[in-house]
Amino acid sequence: MNQEKTKNLAMSALMIALIFVCTYTVKIPNPATGGYTHMGDCMIFLAVLVLGKKQGALAGGLGAALSDLLTGATLWVLPTFVIKLIMGWIMGSIVEMKLNEKYGWIIGAILGGIWQSIAYTLVKIPMVGMAPAVASIPRILMQTLIGLVIYVVIAKLLERSSVVNLKGAKL
């Protein structure tokens, strides 16, 4: 039992680190909103697939929020944590409901990505104004789409390699 807890803790820490690295290192700043476009979403989707709904969503929120904190975007730490956590939770819920369907893991990620795009836009309105919030919609949509594509490729490679248990998701 202790080995399983240790393994889960290590996998969670690894996914938080991967999310942080992909969010922190590959980013394009957006001066109009104080945020940035990044590649962390693919790792959040992967974390949910590898860790399951609860741990994956938490890892997504923590890894992304840590990046905002260390980037100096402190105003975004709490919104990012909540938005990414819910994004992962949405995806994990869909994956759990659709375990026997072939595309539940993709549908969940798409719905989580749609949530993120809407949520960030709504949070930006009071923080930076309507015009910058609306102007940033194409960036968040592109970030989500690219993250989805990379996620699908990595998930398929992991499935074929049998290196990681993908929490019962049928890819």
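Reader: How many salt bridges does the structure hold?

Author: In this predicted model, the count comes to three salt bridges.

Reader: Why is the contact between K84 and D41 called a salt bridge?

Author: The rule asks for a side-chain nitrogen of Lys or Arg within 4 Å of a carboxyl oxygen of Asp or Glu. In K84 and D41 the closest N and O atoms are 2.5 Å apart, which is within 4 Å, and therefore the pair qualifies. K84 belongs to helix 4 (residues 77-97) and D41 to helix 2 (residues 41-51). What the pair links are distant parts of the chain, with the two positions 43 residues apart.

Reader: How do you know whether K84 and D41 are buried or exposed?

Author: The word buried applies under 20% relative accessible area. K84 has a value of 1%, so K84 is buried. D41 has a value of 0%, so D41 counts as buried too.

Reader: What makes K53 and E96 a salt bridge?

Author: The closest N and O atoms of K53 and E96 are 3.3 Å apart, and the limit is 4 Å, so the pair satisfies the rule. Distant parts of the chain are linked here as well: K53 is in helix 3 (residues 53-71) and E96 is in helix 4, 43 residues apart.

Reader: Why do K53 and E96 receive the labels that they do for accessibility?

Author: Buried means under 20%, exposed means over 50%, and partly exposed lies in between. With a relative accessible area of 17%, K53 is buried. E96, at 44%, counts as partly exposed.

Reader: Why is the pair of E159 and K156 included among the salt bridges?

Author: The closest N and O atoms of E159 and K156 are 3.8 Å apart, and this is within 4 Å, so the pair is included. E159 and K156 are three residues apart in helix 7 (residues 137-161), which means that about one helical turn separates them. Partly exposed covers values between 20% and 50%. E159, at 32%, therefore counts as partly exposed, and K156, at 24%, counts as partly exposed as well.

Reader: How many disulfides does the structure hold, and how do you know that C22 and C42 are not joined in one?

Author: The structure holds zero disulfides. A disulfide requires two cysteine sulfur atoms within 2.5 Å. The cysteine sulfur closest to that of C22 is in C42, at 5.1 Å, so the two are too far apart for a bond. Seen from C42, the nearest cysteine sulfur is that of C22, again 5.1 Å away, and C42 is in no disulfide. C42 itself is buried, since its relative accessible area is 4%.

Reader: What makes F45 and Y151 an aromatic pair, and which label describes the angle of their planes?

Author: The structure holds four aromatic pairs. One of them joins F45 and Y151, with 5.5 Å from centre to centre and 55° between the planes. Centres must lie within 6.5 Å, so the two rings do pair. Planes under 30 degrees apart count as stacked and over 60 as edge-to-face, with the rest tilted; the pair of F45 and Y151 is therefore tilted. F45 in helix 2 and Y151 in helix 7 are 106 residues apart, and the pair links distant parts of the chain. Both F45 and Y151 are buried.

Reader: Why does the pair of W105 and Y151 get the label that it does?

Author: The ring centres of W105 and Y151 are 5.5 Å apart and the planes stand at 65°, so the pair is edge-to-face. W105 lies in helix 5 and Y151 in helix 7, 46 residues apart, and these are distant parts of the chain. At 3% relative accessibility W105 counts as buried, and Y151, at 0%, is buried. Ring pairs link F45, W105 and Y151 into a cluster.

Reader: How many cavities of 30 Å³ or more are counted, and what lines the largest cavity?

Author: The count comes to one cavity of 30 Å³ or more. The largest cavity has a volume of about 240 Å³. Its lining consists of 20 residues, of which G35, Y36, Y120, K124 and Q143 lie nearest the centre. Strand 2 (35-38) supplies four residues, the largest share of the lining. By residue class, the lining divides into six nonpolar, 10 polar and four charged residues.

Note on methods: Residues are numbered from 1 along each chain as its sequence is written. This is a predicted model: local features need pLDDT of at least 70, side-chain atom pairs count only at pLDDT 80 or more; totals for chains, interfaces and linings use all residues. Side-chain values use heavy atoms; hydrogens and water are left out. Buried means under 20% relative accessible area, exposed over 50%, partly exposed in between (1.4 Å probe, protein chains only). On a 1 Å grid over the protein atoms alone, a cavity is a set of points where a 1.4 Å probe fits but cannot get out, and a pocket is an open set with protein on both sides within 12 Å along at least five of seven lines; lining residues have an atom within 4 Å of a point. Grid points are joined across faces, edges and corners, and a volume is the space filled by probe spheres set on the points. Ala, Val, Leu, Ile, Met, Phe, Trp, Tyr, Cys and Pro count as nonpolar, Asp, Glu, Lys and Arg as charged, and the others, Gly among them, as polar. Rings of Phe, Tyr and Trp (its six-membered ring) pair if their centres lie within 6.5 Å; planes under 30 degrees apart count as stacked, over 60 as edge-to-face and the rest as tilted.
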